[in-house]
Each structure stands twice: as C-alpha cells, then as structure tokens.
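Here are my notes on the model you sent, set out as numbered points. They begin with a single residue and then move on to the contacts between chains.

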Number of protein chains: 4
Amino acid sequence: MAKVKVGVAGYGVIGQRLADGVALQGDMELVGVADVAPTLSVRALKQKGMPYKMFNVSPENKSMEEAGIPVSGSFEDLVQSVDIMLDSSPGGVGAKNKEIYKKYNKKAVFQGGEKNEVADVFFHGYANYEMGVGQQFLKLTSCNTTGLIRAVDMMDRAAGLEKVAITIIRRVADPGDYHRGLTNALQLEKAPSHQALDLMTIMPHIPCTGILVHTPVTHGHIITVLATPKKKIEKKDIWEMANEHPRIMPVRVADGFLGNASLFRYARDLGNPRGDMYEIALWEESIVKSGDDIMFAINIPQESVVIPENIDAIRAAMKMQTDRLEGVAMTNKYLNLL
Amino acid sequence: MAKVKVGVAGYGVIGQRLADGVALQGDMELVGVADVAPTLSVRALKQKGMPYKMFNVSPENKSMEEAGIPVSGSFEDLVQSVDIMLDSSPGGVGAKNKEIYKKYNKKAVFQGGEKNEVADVFFHGYANYEMGVGQQFLKLTSCNTTGLIRAVDMMDRAAGLEKVAITIIRRVADPGDYHRGLTNALQLEKAPSHQALDLMTIMPHIPCTGILVHTPVTHGHIITVLATPKKKIEKKDIWEMANEHPRIMPVRVADGFLGNASLFRYARDLGNPRGDMYEIALWEESIVKSGDDIMFAINIPQESVVIPENIDAIRAAMKMQTDRLEGVAMTNKYLNLL
Amino acid sequence: MAKVKVGVAGYGVIGQRLADGVALQGDMELVGVADVAPTLSVRALKQKGMPYKMFNVSPENKSMEEAGIPVSGSFEDLVQSVDIMLDSSPGGVGAKNKEIYKKYNKKAVFQGGEKNEVADVFFHGYANYEMGVGQQFLKLTSCNTTGLIRAVDMMDRAAGLEKVAITIIRRVADPGDYHRGLTNALQLEKAPSHQALDLMTIMPHIPCTGILVHTPVTHGHIITVLATPKKKIEKKDIWEMANEHPRIMPVRVADGFLGNASLFRYARDLGNPRGDMYEIALWEESIVKSGDDIMFAINIPQESVVIPENIDAIRAAMKMQTDRLEGVAMTNKYLNLL
Amino acid sequence: MAKVKVGVAGYGVIGQRLADGVALQGDMELVGVADVAPTLSVRALKQKGMPYKMFNVSPENKSMEEAGIPVSGSFEDLVQSVDIMLDSSPGGVGAKNKEIYKKYNKKAVFQGGEKNEVADVFFHGYANYEMGVGQQFLKLTSCNTTGLIRAVDMMDRAAGLEKVAITIIRRVADPGDYHRGLTNALQLEKAPSHQALDLMTIMPHIPCTGILVHTPVTHGHIITVLATPKKKIEKKDIWEMANEHPRIMPVRVADGFLGNASLFRYARDLGNPRGDMYEIALWEESIVKSGDDIMFAINIPQESVVIPENIDAIRAAMKMQTDRLEGVAMTNKYLNLL
C-alpha cells in the first residue's frame, strides 16, 4: 500500500515534533516541512544535514536562503506534493493557509491556536476518532485539552461521568522562549478556562468547568481533575486504568517523580529526542476521593503531548483506519507507546 | 480596664507582624518580643529605634548584644511580664517554650508549625471562636488553612456545605528567603494536603480533600475551592458575601488584579507596612458553577493573613470577648478591617 | 521663601515615588499628579483618601471618573499651577508633553526613557549638578546609571578614574508586572550596554564599557564594577567611602545581606513605604583587587533609586541651591539620608 | 591496541554524561557505572535496557535490586575490572573511594566537588595537559572553571595575558533539582569566587579575580570575562579564535541566540542527547574593548561542559597521548567537536 504523503506547515515547537512523529510512522512519508525564516530550529535542521526538506512559505522572503538553508521549493510546491498537511503555523495563519489547501483539494489538520470554524470537526484521537473519519479539515485540541481528555475519556468509558471540574496550573512559556514570560507572579485567567469549554465541545455529554492559573515555569502543566462518576470508582481503579493506557504514564512521588521537572529530567535521561514525552503522567499519591468524586493530578508535557493525536487525525482523515481503537493502536505502535 | 499584656516569641516573618498587630489593639499592650540572633529583622528593629523591647531567648548567646542590639532581659523575664504569649518560634521550638509558659502559668497561642498536641484547642477566629474561650493553650491554623476557612465558613454559615475539594497553588518561599526555594519547577505533595485535613479538624462536619502544588513564586498562594452546598448558591451570592466579609477583599481581573503579584503591588501602593494585607482576596471572574457546586479562586497573603485570627485567639483565651462576633469585630476594628 | 510648586506626570512605578519624595521636601509643594486611567496605583491613591490631587492627562477619556476617582482638573490645569514638572510618563510621551511645558513656559525633568534630545542637559545630582543649574529641561539618568554613577563619582573624586568596565545583572520586571517577564532564562543584550554609554555622557572624562544580562527576578539589579584608578585605592578605602556616602548603604553578607532579596526584606522590615530604598548597597565582601584595579558589587533598587537625583534636579533647575553639595545635602536631609 | 577500560562512579547529572562520553571513544571501553540507589537516572537506564552495566556502591543497600534494577556486582568488582575510574560521586565521597582505588592500584579522575588534595594534579585538557601525563590521581576543574579556562587559555596562547577579572552569573540548580533552588532572588557569594582562585591554580602565571552571583535559572551560566592582554587584541581576533576552537561555539544574538535558554533549545533541536552541549558559547555582540582590555560573555552548559576535559584526563593519565594537542584532538574527534 502506498504511504500517505504528509507535509508540515510551521517548523516551530510543535511543527518539529509533528515532523519527527510522522517520520516514525511506517505507513506515512514526510514529504517536507515549511517555514519562513531561519529560526534556531531551522538552523538546527541545517546543522543536522537537512533530514527533512524545507519549503519556503513566503518565496519573496529570502532570509532562509541568505542564511544558507537549502530550500526545496515553495509552500504551494509542498502542498501539491502531499495528501494531507499538518498545519502548525502561528495562530490565525492556518486559516489563511486553508485557502491553499482548498485550491489543491488537500486535507489538513489544524492546531489548537486556530478558531474552531476553520475545521469540519474538532478532533481527539481517543474521544471522537469516528467523527474525523474521511473529513477534509480537522482541528486538534490544544495541549492541555488533549492530555486532559485522555484521562477524562478513560474514566468516562469505564464508569460514565456526570461532571468534571479542573484546576490548570499552567507553564507560561516554553524552554527557550524570550517573547513571553512571567517573573515571580501567578496569573489568573477569567473562568471558565477554554480547556473546560473545549472538552465539552469534544464530549458534549460531560459538563465541565475550571480555573486556570499561569505559573513561571517552562516544563509542563499540572492539572487537578475532580470527576463525578456515574458508577463508583475507587482510587486503585484509576491507578490500574492509568497503568493500562498507552498514552498515560503512571508515576509515584516515592520513586522520585516530584513534579513536572522530574518528568522532564527522566525523559532527557531516557534519551528521548529533545527530552520529549508523548504521555501525560498521573501521580499515584495524588489520587483522593471527595465523597464519591475522584480527584487526581496529571502532568501535561506541552511541547509534545499533541503529537500522537495529530497522527491519529491523519489516520482518520485519510481513512487509513476507520476504527478508533485500530487507529490509535497503529499510532501508538509507531511511536513506541505500549 | 487594664490592657492585656502580650509578648511575642520569635521576631521573624510572622512574629514581626504579630507584634505590629498587637501594638494596634487599643485594649492590649505589647510588652516585648524575643529572639535569639541579630537577623535582618532584628537589625531593622534597632535601626527604627527599638519601638519594641527585645528579650534574648538564649541569654548565653550574646550575638544580639555583640551586634549592638539593646536587650531588655531574658525570655523568662518577658514571659513573667505578660498575660499571654504569641509564640511564632520555628516549628518545634514552641513545644519547648510551652514548658516555660506552664512554669509561670501563662497562656499561649502557637502557630501552624507546631503539632496539634501542643495546644488544648486548634483555633480559627471565625470558625470556632467559642472553643478557644478561656483556654490556656491555643494553636492557630496555618496561613492557607486560615484563609481557606474564612471562605468556607462564610459559605457554610450561609448555605451549609456538604463537602469541599481544594487545589492549593502555593508560593514556595517568602520574599527574602535564601534557605529554601524552587527554580523552574512545580512540586506535587502527597495528597490529601494537610490543609484539607486541618480544615476537618476545625470544621469536623465538612468533609474536605485537596491537592497542593508548590510553585516558584514568593507573593501569595492561590487556592481554587470547589464547594458542594446544601442549599443552592448562585455566583452572585458568593460575590455579595465576599463584599460583606471584613477579612475578604473582593477583586476583579478587569480592575487590574491579575494575580498574586497585583495584590502585593496594590498593598505596597496603599502604604501598608511591608506591603502586607490581612485580607484574602476573592476574584469575581473566577466564580463558576459545576452543576450545583460552586468553584472560585482566592489569594492567601502568606506573611500576614494569620495576624487577625491570632489576635482573635488572645481575645478568646483571655475572655476579653466571649462572643464570636464581638471578638472578631473588635480585632477588625483595631486592624481597620471594615 | 515661597515653596517651589511641583507636579508629577504619570503616576506609575516611578511617578508615585517621585510624588512621595517631593511631598517630603520642606521647601517644595506637591501640587498634584496626573495620569490617564484607573490603574491599581490610582485606585490605591483613592483608597488612601486622595492625599495627592489627581489631574486627567486625557480629559476626553473618562475612565478615571467612571471608576470613581476624584479628578481635580486637566493636565494643562496642573502644568499651569506649577513651577516645574517631574515627567515620568511612559517613554516617548514626555517628548509630547514637552510641547505643553513650552507653551506655558515651565521647567521639566524627564526620566531615562526619553531620548537625550528632549532635554538641555543629561543630569545626575552628584556628578554634574552644576550643569543643571537654571536649565529649563533636564533629563535624569536611568535607574542603573543613576546608582552606578554614585559609586563611580565617589571613586573619581577620591582618586581619579582611568576607565570603568561593568557587568549589569538586571531584574527583568518590577513586582506586579504582568506585561513583561522572563521565565528560566538569562538574556544577553548587545554590548556595550546603554548604561556604559550614558555614564560617558555624564562623565565624558571616564571611558566606560559593559555587558548587561537580564535575569528573572523583580527586586533590584546587581552591578559588578571594575574601575582603574589613577591613584592607588585599597579595599578598605572603598568601604570607608561607602560608609560616608549618604546615598550608599554599606552592607555585609555576614550580617545577612545575601543578595537583592535581603535588601528588599530589610527595607520592608524597616517600615519604608512600599519597602523602598533610596540608597544603593555596596557589599564589603565583594570588594577585590585585580592588580591595581578595584572591583566590587552594588545593588540598585530600581523602583526608587532615582528619586533623590530627581529632587536634586528640581533644586538645580529652580536654582534653589546653586552649589552641588548644598543641593544634594538639602535633598538628603528631607529624605532622611544621613 | 587494547582499549582502555573505564568505570564511572556516581550515575548522576555528571556521571551519566561521563559514561556517554566514554562510550563514544573508539579507543576506550566503558566497563560499567556505579551508584547506590534507584534514582530517576538509574530507572531511566533500566527503561533503556541497561546499555551500561550497573554496580552497587553499597552492596548492603538493596534498594536498587528491590526496584528491579539489574546489578552486575559491587563497586570493588567494578574497580578491579577497569584501568581508570571517573569519579563523579557527591562531593567528599570521592576522597573515600580513593582508598579503594589505591587498594587495587588503579588510576582515577575526580571532579570539582572534591578538595584539591585528593589528586596529584589539578587538570584541564587545554591548559595543562602535560601535567597530567602518567599521573595516578587527577582532579578536574569545575564546570565554570573548565569553560572559562578554555577561553582564557585561547587568549593566553595567542597574546599572553596580564590579568583577568570575571563576573559569573550562575544558574542555581540543574533541571529537575528539587533539593536546591532560589526563588526571585539574586545571591552574592563572598569574593573572590573559587573559580578565579582555581584558574590561578591551573594557570599560575595569570592573576585572576572575580565575583559570582547566583540567579534563579537552570540552563547554563553566563560569565563576563575582562582580560588584559600583553599584545594588542582586537574584537575580531577574539571572534576568529572562537570560530577556530573546537570546544567554543561562536554565536550571534542576531541569529536568535538571545541567552542561555536559546542555547539549550538549539541543542535540543539538534537532537543532542538530553539537549547537551560540550561547547561553551561566545557571543559576537558581547565583545567590547575597555581601553586595551578585551571583554566578552560566554555561556557554560553546566551539565555537560566538563565531559571533554574528563576524557582528556583519561588520555593523559593513561598516556594514550602524551602530547597536549594530540590528546585533545582525539577526544574532539570521538565527541564530534570539529
């Protein structure tokens, strides 16, 4: 069977990881990536010997060429060569790129920074895979929502959920960011947080609300989840479910996983490229009960958590697998998520 | 009527503020404070001209005298001169000081760092004032618990509460701390947090659980509170109650109160000594409903929040007021909490 | 003698402190302050009972009035009522305000954020007071430069300086700032830093260069100064000079002054409004020699350090004192800098 | 020729990287690593399938075995099987291990945390390789000193240096550290910093002094270096030398290298394991002149910078190469430093 041809628009924090994730899929071919300027990530690509072809989003802008980056063609060249685009352009740019995708009748997957209207379906591999099957334009949930839904969907399929309330303790910048930051301050966002609203768009049967607070760190969000199950769930049930979920990593404070920085260190020591993790982590010592409600804390590695669900989206849109569990299983296999 | 004579043990972050708070009470006399070394706070006291008399906790240790700090006597001298001691010594030292208080048959109020067994009653001015009336040894709740109980007690008296679940986003160090800190990391504590357990000690009729995460900031904790009321409460009810509570400051993101750092800045601009606030803040834009549950966020100014309840404790222990509302009202009057 | 009438444009971080500083001068009258919106600082002014009159910079913008802030008139009303304006408007706005000052033939002192061309003289109370005497428009050095020049001028007057090289370890945001920040990153600026260039504008006889690095903290810059003296200076000479300088606070690590956060804590414990300090600090344990060069570290409290030199500028411009030492001495007296 | 057999004591931040570095050398064999407890790093080793054999430093402590870590023998077993040990145990433990090395007549290289007395020679690959040739016990310089000496040695060999003064802007913790940290504070150490003293031990002909300030970041130190050359050096000379040095990476702010966090991001994007870099970086835009003195800023990646010089130390001690340039060149070749 011919491999599905994939392109990536935007070679930034997310785009690089999308490209790496696609390149690992045995049934996909990464045709190339596109960007507009010789950022550090693009310079690193060159330093590595251009394992991915680079296409120029703005051919009239020659800054990449001037920096000595080999350019393989224009953005339209790339779009014409693929079956589907993963668009991780800065927020709002994807909507403009969509015109090009339509022009060449290509499929595309947009990221959380775009408006929902850009897509035919707001997608999450585990929660609503079927909705994406055969669609032309899909939009992925953002990093927090993607990770959160993994845990909520896991409980919902096991016991049914009446409602969910979350507190998001959010990292404010990525490692290396100099264009945004917070210094010695916590910042409250107006509630309910968009992640709670997004969850309800994906899972309309589960009322959800929540509060988000920004914190001055760079390595991962921590979310506390309070879920009201329809059937009784015990603490050990959550722990066992987490142990069985390919995209959830069960961890213990007692083993040295003291917080988000421990997870980043562990992923670096594992030799994962960039110290990335595809899994959310769930702490055993965080699981408590509030009456019959269940409460626990998860860690969201914001740079890489959405990669698996993006790959799922390709599978669904291209009808590579039409069944939810078959689709996510194939992604998991190639990403080594067991 | 003779003023109640008060001494303060430990002139650190809390002790200084206790001394200032007592000095503001028209019906109390601050006899003096006690410490053991010429810390920056002790040096600042001298620089200000010794508005409070200093007593030496370890008379054999002459480091204060050597640094030129005027010393008015020994710790035992201070204890003998007072009716009641506020003990803000480092955790564990209070238990040792208790022997001296017993020797001279004096009353004392301990802080959250001591074990519960040190005291006859675990005390909160608003929640269980009556329990402290006439007691010899009281222990105050810690900073987070003190602020949290203000909000929980407010709702409980209005509507009754079935249960409470909290997420504590905690500052990891005070401004000026060099002996502890966290750098670019969130740290999870084993759940349930002690604050949830402490709340149940003070308010045994309200089941409470919660998760605590340390964050690398210095100016105040943010707690999200999810409460299940027995009677229906609307968002506006919470806001109105907060507006009427003398120790809760209702704030709006829209007015510029973006987080804990805004509150510190506002208190500094108000000219409050040290930029302190006695009130917790409650954000209007944080109030949401999860089914019939109510959820919101509060800010805990960790250095100063416990001062009013400590003063309440003096009033209760010394039977200055035997009625809860009369007791807290007198504290509020002298602290200008209206 | 009639008091000199002063107005302050911009009631932000600097403007508030300028107003407080002017209000302390026995020979000046603070006519009022001007701003454009109900910021937290303006709300705090109202909460304190409007000790200073507020004038509206943009009378067509009614947001202050809508927030219940009593407004005493327009910006032009304020300008007409004063002898001299201290302009701490956001960078660039001062240049526009200058047209109003010229229209009414008033003097003005601008802050470091304006371009040098806005003023007749670039001013520092200790280094070039005489240059400001009788001038209409003065511009103050920025916070780092102001503090740095105090130390450099002190050495230069004692021993003559051949050259200076500095490393500025800069705080990236003020307490309460949410519009800028840096998270887990050091940021290098292109060298030489503007502070080195500004020093040479004020003291053209001393070649100066330097490197500036931003750090994610809020409470004060630390500058290392390496000076090449013309006459030999020993470590103890620096320490003695620092002890005698009214605007330099000599501190010791051994006494607990471990860094910028210790100084902020000390100032808070002193009861200084907002925890401010007018003095730079100089650490005894930082003084070392590199051959005949002398090297040491100073702390710059960025929010308040420029206040004394601004007051000096009023004295010079208004010819209240025409002699340098008489001018700064009068400022020091009223600011209690001994 | 038989490969030199190497063991690593302590599988922490440094030890892991030493093991990886040795494993890359074509003429060395990594026999194994030793540790005492199932830290995250040891757990990661197991998760990766034990590419390195683990030996138990405290055979009576079975915590590694209990955590399921395969253990290949005792620490003494490891020592007996090697020609030379790289000892990256916690500070002070190396001195105790030395007794075991002596017992079996093995060579060893200690890290900066040990006292100088532990070794026969205090070593730096570029600066004093010859001193280490054939020695039994070597001690490496610490991370800052190692990186600093690269730059100082480079200038000294080109132009001779009369003296050096440094300001070290130090990261306070490594990514993942929870046992130490600093929150919103800069901390000054007593001057001169040990790095300046250590430099003079390695290069006794160059007087050096300096000041060190801790900052709350995790990804690399920045040092400003002010050097007084004997022969005139221009800015472009420094830049050209940096371009030619295999262990110095010349970078530009204009290319996006804004600070230490940019370098970490770049190394992650390069795919370097753990996002590590062996090179110090030197910024073109930081190079300035102060009279005839030259000043610039370098970045020290604290976790990995000492690896090359440790490998050099093996080469010297084992007389694999007796010539300085041949020794460092072989290390550079295997570490891909060109």
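**Notes on the predicted model**

1. In this predicted model, B:Ile223 has a relative accessible area of 0%, and because the cut-off for a buried residue is under 20%, B:Ile223 counts as buried. B:Ile223 belongs to strand 11 of chain B, which spans residues 221-229.

2. Leaving aside residues up to four places away in sequence, B:Ile223 touches a set of residues that includes B:Asn144, B:Leu148, B:Ile166, B:Thr167 and B:Ile168, as well as B:Phe296, B:Ala297, B:Ile298 and B:Ile300. As for B:Leu282, 59 residues separate it from B:Ile223 in sequence, while the C-alpha to C-alpha distance between the two is 9.8 Å.

3. Turning to the pair formed by chains B and A, a turn of 180° with a shift of 0.0 Å along the axis lays chain B on chain A with an RMSD of 0.0 Å. That is the relation of a two-fold axis, and the same surface serves both copies, since 100% of the contact residues of chain B recur in chain A.

4. Chain B and chain A each bring 43 residues to their contact, and together they bury about 3500 Å², with 70% of that area on carbon and sulfur atoms. Of the area that chain B buries against chain A, 20% is supplied by B:Asn184, B:Leu186 and B:Leu188, which is more than any other three residues supply.

5. How many salt bridges does the rule find across the interface of chain B and chain A? There are two salt bridges, and A:Asp293 and B:Lys163 meet through their side chains in a salt bridge at 3.5 Å, N to O. The rule also finds 14 residue pairs in polar contact across this interface, both residues being at pLDDT 80 or more. Among the elements that each supply at least two residues to the side of chain B that touches chain A are strand 8 (161-171), strand 11 and strand 15 (293-300); strand 8 gives the most, with six residues. By class, this side of chain B has 23 nonpolar, 15 polar and five charged residues.

6. Where chain C meets chain B, 33 residues of chain C are in contact with 34 residues of chain B, and the two chains bury about 3100 Å² between them, 52% of it on carbon and sulfur atoms. The count here is eight salt bridges, and B:Arg268 forms a salt bridge with C:Asp276, with the closest N and O atoms 3.4 Å apart. Helix 10 of chain C provides the largest share of the side of chain C that touches chain B, namely eight residues, and by class this side has eleven nonpolar, twelve polar and ten charged residues.

Technical notes:
Residues numbered from 1 in each chain as written. Chains lettered and ligands numbered in written order. Heavy atoms only, no water. Helix = DSSP H or I, 4+ residues; strand = E, 2+ residues; numbered from the N terminus. Buried < 20%, exposed > 50% of the residue type's maximum accessible area, 1.4 Å probe, protein only. Contact = heavy atoms within 4.5 Å. Buried area = accessible area lost by both parts, 1.4 Å probe. Salt bridge = Lys/Arg side-chain N within 4 Å of Asp/Glu carboxyl O. Nonpolar A, V, L, I, M, F, W, Y, C, P; charged D, E, K, R; others polar. Least-squares fit on C-alpha atoms with pLDDT ≥ 70 in both. Polar contact = N/O pair within 3.5 Å; in protein donor to acceptor, adjacent residues only side chain to side chain.
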